Each structure stands twice: as C-alpha cells, then as structure tokens.
Amino acid sequence: MIAIDDDLTLDEREIIETFIRASGPGGQNVNKVASAVQLRFDVGSSPSLPFAVRQRLMALAGRRLTKDGVLVIVARRHREQERNRADARTRLIDLIREAAGPPKQRRPTKPTKASKERRIDTRKKHSR
C-alpha cells in the first residue's frame with residue numbers, strides 16, 4: 001500500500017510499470033538498457049480513490065490521460081531505472097495529493113472605478 005495522505009492509500013497492484021529504452025545521456029548504455037519507466041494507473045476504475053478525487057485527478061491529468069481513463073506517466077530524467085521508477089511514483093503521488101485537496105473557491109471581484117474608466121477611454125480612442 002502506498003500512503004497518499006492520512007486517510008487515503010493506494011494499492012500497489014493498481015499501478016502497472018513497464019520499462020522502455022530512454023533517449024538522452026548514457027552513451028552506448030542507452031541502446032542496451034531499458035531505463036525509462038512508463039507508469040500506468042487506471043483512474044476511472046480505481047477502487048482506492050473516492051469519486052470526487054477521481055474526477056479532479058482526471059481534470060488535472062490533461063494530456064496524460066487516455067480515452068479509457070488511464071493515467072500514463074513517463075519518467076526518463078535519470079540514467080538508472082530505479083531512480084526513474086521512484087520519480088514516476090513520486091509524480092503520481094503528488095498528482096493524487098493535489099487532486100485530493102479541496103478545490104480553491106473563486107472569490108468574486110469587481111473591477112475598480114479607475115480600470116472601468118481606462119477601458120472606456122481606450123474604447124473612445126479606438127473609435128476615433
């Protein structure tokens with residue numbers, strides 16, 4: 001079990017890790033060793049996450065989310081496979097922590113009197 005926060009844990013069996021060859025530094029070693037990690041986590045059908053957290057996580061994931069609701073994180077920053085694996089898991093945990101927190105409430109604001117006048121002045125100048 002992976003602890004996300006005090007009341008949220010993630011089962012390790014829900015995470016699928018595959019190792020792929022990475023580009024970048026490493027010399028000839030880069031052509032022989034699969035040091036990059038591709039981490040897959042099925043957000044849509046995860047029993048570990050509450051519904052609200054799943055929805056926020058899907059919104060936060062953006063391009064990293066497939067059509068099937070699977071979150072894909074590719075880690076290839078380091079030359080060692082274990083460091084890339086730890087990096088991918090850390091990035092997943094950080095993303096879930098961000099989704100688990102309550103969303104920020106928007107505070108409605110009003111434009112100032114000066115900004116209204118500036119806007120109207122620029123509109124007048126533009127029309128002239």
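## Briefing: a buried glutamate, its salt bridges and the surrounding fold

Glu-17 is buried, with a relative accessible area of 18%, which falls under the 20% limit for that class. The model discussed here is predicted, and every value quoted for the 128 residues of its chain is computed from that model, in which buried residues make up 29% of the chain. The chain has four helices and five strands, and these follow one another along the sequence in the pattern β-β-β-α-β-α-β-α-α. Of the contacts with a separation of 6 or more, 57% are made by residues that lie 24 or more positions apart.

**Salt bridges around Arg-85 and along helix 3**

- Five salt bridges are counted in the model, and one of them joins the side chains of Arg-85 and Glu-17, with an N to O distance of 2.5 Å. This pair links distant parts of the chain, since Arg-85 belongs to helix 3 (residues 81-100) while Glu-17 belongs to strand 3 (residues 15-20), with their positions 68 residues apart.
- The two partners fall into separate accessibility classes: Arg-85, at 27% relative accessibility, counts as partly exposed because this value lies between the limits of 20% and 50%, whereas Glu-17, at 18%, is buried.
- Arg-85 also meets Glu-82 in a salt bridge, here at 3.7 Å from N to O, and both of these residues lie in helix 3, three residues apart, or about one turn of the helix.
- A further salt bridge within helix 3 brings together the side chains of Arg-91 and Asp-87 at 3.4 Å, N to O; these residues are four apart, which is again about one turn of the helix.
- The spacing of such pairs fits a general rule, namely that an α-helix has 3.6 residues a turn, so residues three or four places apart point the same way.
- Arg-91 is partly exposed at 24% relative accessibility, while Asp-87 is buried, with a relative accessible area of 11%. Elsewhere, Glu-17, Glu-82, Arg-85 and Arg-89 are joined into one network by salt bridges that share partners.

**The three-stranded sheet**

- Three strands form an open sheet in the order 3-4-5, with antiparallel pairing. Strand 3 and strand 5 (70-75) stand at the edges and have a single partner strand each, so one side of each is left without a neighbour in the sheet. On average, and with direction ignored, neighbouring strands of this sheet are turned by 20° against each other.
- Strand 3 pairs with strand 4 (residues 36-42) in the antiparallel sense over six bridges, and within strand 4 the residue standing opposite Glu-17 is Leu-39.
- Strand 4 is likewise joined to strand 5 by six bridges, and these two strands run antiparallel; the bridge partner of Phe-41 in strand 5 is Leu-71.
- Strand 5, although it stands at an edge of the sheet, is mostly covered, with five of its six residues buried.

**Helix 3 and its contacts**

- Helix 3 comprises 20 residues and spans 29 Å from its first C-alpha to its last, close to the 28 Å expected at 1.5 Å a residue.
- The buried residues of helix 3 include polar and charged side chains, Asn-84, Asp-87 and Arg-89 among them, alongside Leu-92, Ile-93, Leu-95 and Ile-96.
- Asn-84, which lies in helix 3, is buried with a relative accessible area of 0%. Leaving aside residues up to four places away in sequence, Asn-84 touches Ser-35, Ala-36, Val-37, Ala-75, Arg-76, Arg-77 and His-78.

**The nonpolar core**

- The largest nonpolar core has 22 residues, and those with the most contacts inside it are Leu-10, Phe-41, Leu-57, Leu-92 and Ile-96. At least two residues of this core are supplied by each of strand 1 (2-5), strand 2 (8-10), strand 4, helix 2 (51-61), strand 5 and helix 3. The largest share, six residues, comes from helix 3.
- Ile-96, one of the core residues with the most contacts, touches Ile-4, Leu-8, Leu-10, Phe-41, Leu-49 and Leu-57 when residues up to four places away in sequence are not counted.
- Helix 3 thus appears in both settings, contributing to the nonpolar core and carrying Arg-85, the partner of Glu-17 in strand 3.

Notes. Residues are numbered from 1 along each chain as its sequence is written. This is a predicted model: local features need pLDDT of at least 70, side-chain atom pairs count only at pLDDT 80 or more; totals for chains, interfaces and linings use all residues. Side-chain values use heavy atoms; hydrogens and water are left out. A salt bridge is a side-chain nitrogen of Lys or Arg within 4 Å of a carboxyl oxygen of Asp or Glu. Buried means under 20% relative accessible area, exposed over 50%, partly exposed in between (1.4 Å probe, protein chains only). Two strands pair if DSSP finds at least two bridges between them. Axes are lines fitted to C-alpha atoms, for helices over the stretch in contact, and angles run from 0 to 180 degrees between N-to-C directions. Contact means heavy atoms within 4.5 Å. A nonpolar core is a set of buried Ala, Val, Leu, Ile, Met, Phe, Trp, Tyr and Cys residues joined through side-chain atoms within 4.5 Å. The expected span of a helix is 1.5 Å times one less than its number of residues.
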